[in-house]
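Trainee: Could you help me see where the descriptive words for a structure come from?
Mentor: Happy to; let's look at it together.

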Amino acid sequence: MPEGDQQGDNQLTKPHLQVRIQPEPSVVGHESVPSASGGLDSSGTLEKDKPEASKEDGTNLRSIKLVASLQWIPANWTWSKWKPVIRSALAAWISVVIFVIPTTENLLGQTIIHVASFLSPPSDPFIAVLERELIILTFVALGWAWTCLGLKLADLARPTNVSNPSITGIITGQYIEAGPTVILAVFLFFGSVFFLYIKARFGPGPFLFASIFGCICIDISLATAALYPYPDYKIGQSIILPLTFHSAVALVLSVLLFPTSISALFTMRLQAVLSPLVCAIREHREHLQQDITSSDFSATSIIATVDKAEGALPLLAAAARLLRLDVIYSRFAPTDYAEIYALTKRLIVRANGMNVYYTLIDPTRERFPITPAPSAPATPIMASPSNSRPPSPDRDQFRPHDEKTDGNSPLDRGLRERSGGHHRRHRSASRPHHFSGAHSHQRRHSPYRHSTSHHSHHNHLHGSLLHLALSRTPRTESAVGVFESHRYLNLEANYLSHPDSERYMTRATELLSISCQDLLKSCESALQGACDWLGCVRGNRFNFWVIKEEKEKFRMDKIKKYENLHRELSAALDEFTKEKRLSVLDPYRAAFTPSDDLTAEYDVPHHKYLFHCYVYQYHLMRFATLIQSMLDEIVRLETGRATPRVWLPSLDLSKLAFWSVWAPSEALDRDDDENPEMIPGLDPSTMADLGQAVRRDPDVLPPRNTFESVVNWLYRTITGIGGGNALFALKAGVLTIILTLPSFIKPSAEFAYRNKFVWAVFMGQLTLSRFRGDTVFGLVARICSTFIGCIVGTVMWYISTGSGGGNPFGLAAVCFVCFPFFFFVRLYWPVPPMTNLIIFVTSALVIGYSYQDTHLATPSSPGFGIDVAWRRFVLVTAGVVAAGIFSFLPPSTTIRCYQRRTLATTSAELGSIYCSVVSLANTKREGETALVVSQLLAIRSKLKRSILLKANVTYEVSLRGRWPAERYHKILEIQLQTSYLLSHLMSVAEQLEPAWAHAFLRRTRMLDADFQGDVLAVISLISSALRTGNPLPQVTPCPLLNRFMERHHGLNVIHEESDDDFGLPKVLTMETLESLQYLTFCVGVSTAFGIVTRLDRLMVAVKELVGEQYHIDGIELPLHHRRPPGAEM
């Protein structure tokens, strides 16, 4: 299919695979996109590969300083952003013209064509519009068929048929009978339940507005059918016919006016992901050269830039979903981008891994919560008999054990024992050096071990902890997590910070900067080249006047360009891998250099600073390797795709609506009915899958025969009705019947028919949400939006007609002027979707019904102008208020419960992925990596969306007290950190050779059944506590760090007391330190340490939320604390 993206269409507008408001992520540092002509101007001469600045960037509006709430206007005031606006506005205006023509006006009879223009504008690529419109028409046809079945059964229950009824009798409800009306009500109930269940089950996506139109069809048809004494099977025609006209107009304009393709949308969104990464690499180069000890130093900008790139991934995934259905004339097939898409997702993870370095060196980073927020039931207080309440200890005194610190290696103990500025090492020149913390620890007394001060030190720590917990705790709550905090303090007390840590950290960062600058520069150039290529992938397709030889020369030049970029990056990566990365080892070389001076002193830093550098270097190397692969793929595509051709769908057209509840959607950033038990983007077949572990029914054994299998299936189906989506749909069905009662009862039927009471019905349906807070928010938003829409529609009507009875030319002229601005706001205004939609839908209804009232003789005329506006407002208010009241009736679900259940689901899935990563490290299963990456991205997207969803918690009025928002946010942040660490651990597992992988698993105890049992028990406890709200035991396997550090290795790979060395050296040498496998091994150990500490923090954070139970008096306290008061020794 031809695609009109000749000049600037690569920078596509904000296309939507379905209606949504979230603005497209701008391309940071790459706002101007090269022309789609692929570097050839109109005369056929070659342009520069580097994209030129877009003329639209100089628009005066962009230079106008607006308040923050209006910054979205200049951000989207570009020609590329206006293209879908013009297409949508023209489609809506053509619908108005069709409606005001007398012939088509009589044929259509309904103003729903205006509503459809705003609910489903053709702002997307053709395939997306085709998918959406086909599903809408299918659902409406299904609703019409369901209505016809109900009419047939109702007619069979009618005693007599009146073939020639009077119009007056129909309007007044004279022919309403109990039997047929009950049947119609039953069909209305189940039809509404079906469509609203689909809406809640599938959430945002192609089925969202199809479900809405399906509800509108059965609401109008069945409510009106009760008035007739005979079955009017054509009643649904007044709904589906206008929608058919709308779909035809939308599809034609999608092809003819500024046509675009899914491939163009995908590449534009891919640029929106990669361009922030280019800026992030540039900022890395600058930050590594800054003084990290300065108070002005901050890596916030880098983290925000990477977050922006990851934030664009859901929109990219939504476009990728339809790539196989695309129709395009181009050199590259839509499916050719699959490999680049997979590499891009992994680049995000590596970019986040590089950011980890700044969190490690940041002295203000999060520490273990030694004074956790309290919650009932109370933790008993054990006071020292010899001391009154102790003073609060200095915060710096209890600096936590760093993620890269073992603390008992000879180098570490030397740091603690040395005096002065140097690390004293008396070494033999002839003996190699062992770095085994555990062995030497047995021969050297710790300052707090085996001494008379040992018990007093613990007393001080424990008493100080309790004092801090109680002094910062509301009187209504008691401290939690004291058990974990007490044990953590015992660990931290042995690993105090060193006064020269800033000097060591600064030196390490300087060496890291020297080693990485060249590779970072090459990565930046290569990634920018990939962005430039994405902007030119559809070039030279329609420049038929350019001779073939010139096109071929231009293509070969491009291939040479990307081969040069690949060659430069490869050279920089090789140099870095073999030489430059080793510069961070300079401070440690003295400890491994034989010397005859046995009294020499060496300033050897703690090995955690080396590990910090290793973490950054590892992720940088992986980042560069992924860019290498991306350039390889670009060269392969450029070489293999020489001439353009027409690419047809590569997916069976019967799977056009290729959608599922776990499929990604661009509207997922804000959806009221999302299921907390599901994670969009994560296949449910992989959820709750701990290896080969499966769930069992505790009440019955597995079926023995077909009969038991069928009964089991029926049982699961029936019990499934009790799920959240089904209960919501049933409740919404009951609300629908209640709101439709005025149309089914004779005394009120005429009033309901003349005043369009059906407006209240479907507004009540659409306002009711699964969560009470969302329903109340919808109530407020819809009332305000309807009021504004009524005013806008009334003003438009009177401008178009003055005091007359409606002027078709005036109405068309007013709409022609207003619609472009309406759709600009409709597409780009960053407010909740329904708030935006209701304004314009109401405006369209006001002008539509006003014109219909003045030109068509209908018995249900609501008036025109201000008359129809105030009726619309009153009926919408009635419907949404009814929904708001109904939301408080059982079954009632709150966003507070949703947040807790979502965190429970993500906790369980993080546990599943943790097991998958450990299995990958142990067995090296093929094809597992891409699946785990997608799962982790889905979990992170789910967690980030929950931050937006909890915005409506304020609408859930609770008389019991405030919602602990900070505690929930702390749990969410820890889970996000854990998901990133799991991504990094998976990367390490991929790179380790079998021997190193087994050594890594041995050191981190990841194949130790006892330790892993504790880890999985902690994850299960956390998930279950969040799901049920039950308190956690006061004594748990946490802190896991205590078990993780059971044996101290220091810098060694294999513990010297270990029987199995896996063929690896037990004696640490400089050659081992310089090896890439050792670097990867250390990064894996550091990452595993981070996961363990996050699980410990997560346990305490959940305890802050749900509290504790099962208290054992005096556990883990010194013996003299355990005696009762007054007892003799």
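**Helix crossings and ring pairs**

Mentor: The crossing of α11 and α19 is left-handed, and keep in mind that this is a predicted model.

Trainee: What makes α11 roughly antiparallel to α19?
Mentor: Helix α11 (residues 262–288) and helix α19 (residues 501–535) pack at about 160 degrees, with axes 8 Å apart. Angles over 145 degrees count as roughly antiparallel, so α11 earns that description relative to α19. Their contact has 12 nonpolar, 9 polar and 4 charged residues.

Trainee: Why are α22 and α38 called roughly perpendicular?
Mentor: The axes of α22 (residues 607–640) and α38 (residues 1076–1106) cross at roughly 110 degrees and come within 9 Å. The range for roughly perpendicular is 65 to 115 degrees, so the name fits α22 and α38. Among the residues that meet there are F611 and Y614 in α22, and L1076 and Y1078 in α38. By class, this contact of α22 with α38 has 10 nonpolar, 3 polar and no charged residues.

Trainee: How many aromatic pairs does the structure hold?
Mentor: It holds 39 aromatic pairs.

Trainee: What makes the pair of F189 and F190 edge-to-face?
Mentor: The ring planes of F189 and F190 stand at 80 degrees, with centres 5.1 Å apart. Planes over 60 degrees apart count as edge-to-face, so that is what this pair is called.

Trainee: And how do you know whether F189 is buried or exposed?
Mentor: Buried means under 20% relative accessible area; F189 has 17%, so F189 counts as buried. F190, at 46%, is partly exposed, because that class lies between 20% and 50%.

Key: Residues are numbered from 1 along each chain as its sequence is written. This is a predicted model: local features need pLDDT of at least 70, side-chain atom pairs count only at pLDDT 80 or more; totals for chains, interfaces and linings use all residues. Side-chain values use heavy atoms; hydrogens and water are left out. Axes are lines fitted to C-alpha atoms, for helices over the stretch in contact, and angles run from 0 to 180 degrees between N-to-C directions. Helices (H or I, at least four residues) and strands (E, at least two) are DSSP runs, numbered from the N terminus. Angles under 35 degrees count as roughly parallel, over 145 as roughly antiparallel, 65 to 115 as roughly perpendicular and the rest as oblique. A crossing is left-handed if the near helix is turned anticlockwise from the far one by less than a right angle, and right-handed if clockwise. Ala, Val, Leu, Ile, Met, Phe, Trp, Tyr, Cys and Pro count as nonpolar, Asp, Glu, Lys and Arg as charged, and the others, Gly among them, as polar. Contact means heavy atoms within 4.5 Å. Rings of Phe, Tyr and Trp (its six-membered ring) pair if their centres lie within 6.5 Å; planes under 30 degrees apart count as stacked, over 60 as edge-to-face and the rest as tilted. Buried means under 20% relative accessible area, exposed over 50%, partly exposed in between (1.4 Å probe, protein chains only).
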